[in-house]
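Could you show me around this protein in my viewer, one selection at a time? I would like to know what to click on next and what I will find there.

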Amino acid sequence: MQITLNLPDSLSQTDTFNQSDWLREIAIALFQQERVSLSRASKIAGMEAMDFQKLLSDRGICVHYDVEDFEQDVQHLRDRGWL
């Protein structure tokens, strides 16, 4: 398996690329290549799903939201007692 990471230009301008930055970029790459779901990618990135979706949107990355994602969201709502 080969995974390509396309890092934003802004990252090359800083020396403070830490572990959470790497995990976020890996999560984005895995999601873009449809290797993981939106829910899983947000967990890898250590972000709330909505924040991760905003990050994807800011980068112009289409969110492919499937039945599995929907079911996970419904379960999450049930777990919190919101459904």
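Here is a tour in six stops, from the whole chain down to single residues.

**Stop 1: the whole chain**

Before you start, keep in mind that this is a predicted model. Show the chain as a cartoon and colour it by secondary structure. You will find five helices and zero strands, so the pattern along the sequence reads α-α-α-α-α. The chain has 83 residues, and buried ones make up 28% of them. Now think about contacts between residues with a separation of 6 or more: 46% of these involve residues 24 or more positions apart.

**Stop 2: the nonpolar core**

Next, select Ala 27, Ile 28, Leu 30, Phe 31, Val 36, Leu 38, Ala 41, Ala 45, Phe 52, Leu 55, Leu 56 and Ile 61, and show their side chains. These 12 residues form the largest nonpolar core. Helices α2, α3 and α4 each supply at least two residues of this core. Which helix gives the largest share? That is α2, with four residues. Here is a general idea to carry with you: in soluble globular proteins, nonpolar side chains tend to be buried together.

Stay with the core and pick out Leu 55. Leaving aside neighbours within four places in sequence, Leu 55 is in contact with Arg 24, Ile 28 and Met 47.

**Stop 3: Ile 61, a core residue in a loop**

Now click on Ile 61, another member of that core. Ile 61 sits in the loop between α4 and α5. Is Ile 61 buried or exposed? Its relative accessible area is 14%, and because buried means under 20%, Ile 61 counts as buried. Turn on its surroundings: not counting residues up to four places away in sequence, Ile 61 touches Ile 28, Gln 32 and Leu 56. Try the distance tool on Ile 61 and Ile 28, which are 33 residues apart along the chain; their C-alpha atoms are separated by 9.0 Å.

**Stop 4: the salt bridges**

How many salt bridges does the structure hold? There are four, and we will visit three of them, starting in α2.

- Select Asp 21 and Arg 24. Their side chains meet in a salt bridge, with 3.3 Å from N to O. The two are three residues apart in helix α2 (residues 19-32), so about one helical turn separates them. Asp 21 is buried, with a relative accessible area of 12%.
- Add Glu 25 and Arg 59. These two form a salt bridge whose closest N and O atoms are 2.7 Å apart. This pair links distant parts of the chain: Glu 25 is in helix α2, while Arg 59 is in the loop between α4 (49-58) and α5 (67-79), 34 residues apart. Compare the two ends: Glu 25 is buried at 2% relative accessible area, whereas Arg 59 is partly exposed at 31%.
- Move on to Lys 54 and Asp 58. Their side chains meet in a salt bridge of 2.9 Å, N to O. Both lie in helix α4, four residues apart, which is about one turn of the helix. Asp 58 counts as exposed, at 54% relative accessibility.

Now look back at the residues of the earlier pairs. Asp 21, Arg 24, Glu 25 and Arg 59 are joined into one network by salt bridges that share partners.

**Stop 5: Ser 37**

Select Ser 37, in the loop between α2 and α3. Ser 37 counts as buried, at 12% relative accessibility. Which residues does Ser 37 touch, not counting those up to four places away in sequence? They are Phe 31, Glu 68, Asp 69 and Gln 72. Asp 69 is 32 residues from Ser 37 along the chain, yet their C-alpha atoms are separated by 6.7 Å.

**Stop 6: the largest pocket**

For the last stop, switch on a surface and select Ser 39, Glu 48, Ala 49, Asp 73 and His 76. Among the 18 residues that line the largest pocket, these lie nearest its centre. The pocket holds about 400 Å³ of space. Helices α3 (38-45), α4 and α5 each supply at least two residues of its lining, and α5 gives the most, with seven. If you colour the lining by class, you will get six nonpolar, six polar and six charged residues.

Definitions and conventions:
Residues numbered from 1 in each chain as written. Predicted model: local features only at pLDDT ≥ 70, side-chain atom pairs only at ≥ 80, totals over all residues. Heavy atoms only, no water. Buried < 20%, exposed > 50% of the residue type's maximum accessible area, 1.4 Å probe, protein only. 1 Å grid on protein atoms, 1.4 Å probe; cavity = no way out; pocket = protein on both sides within 12 Å on 5 of 7 lines; lining within 4 Å. Points joined across faces, edges and corners; volume = space filled by probe spheres on them. Nonpolar A, V, L, I, M, F, W, Y, C, P; charged D, E, K, R; others polar. Core = buried A, V, L, I, M, F, W, Y, C linked by side-chain atoms within 4.5 Å. Contact = heavy atoms within 4.5 Å.
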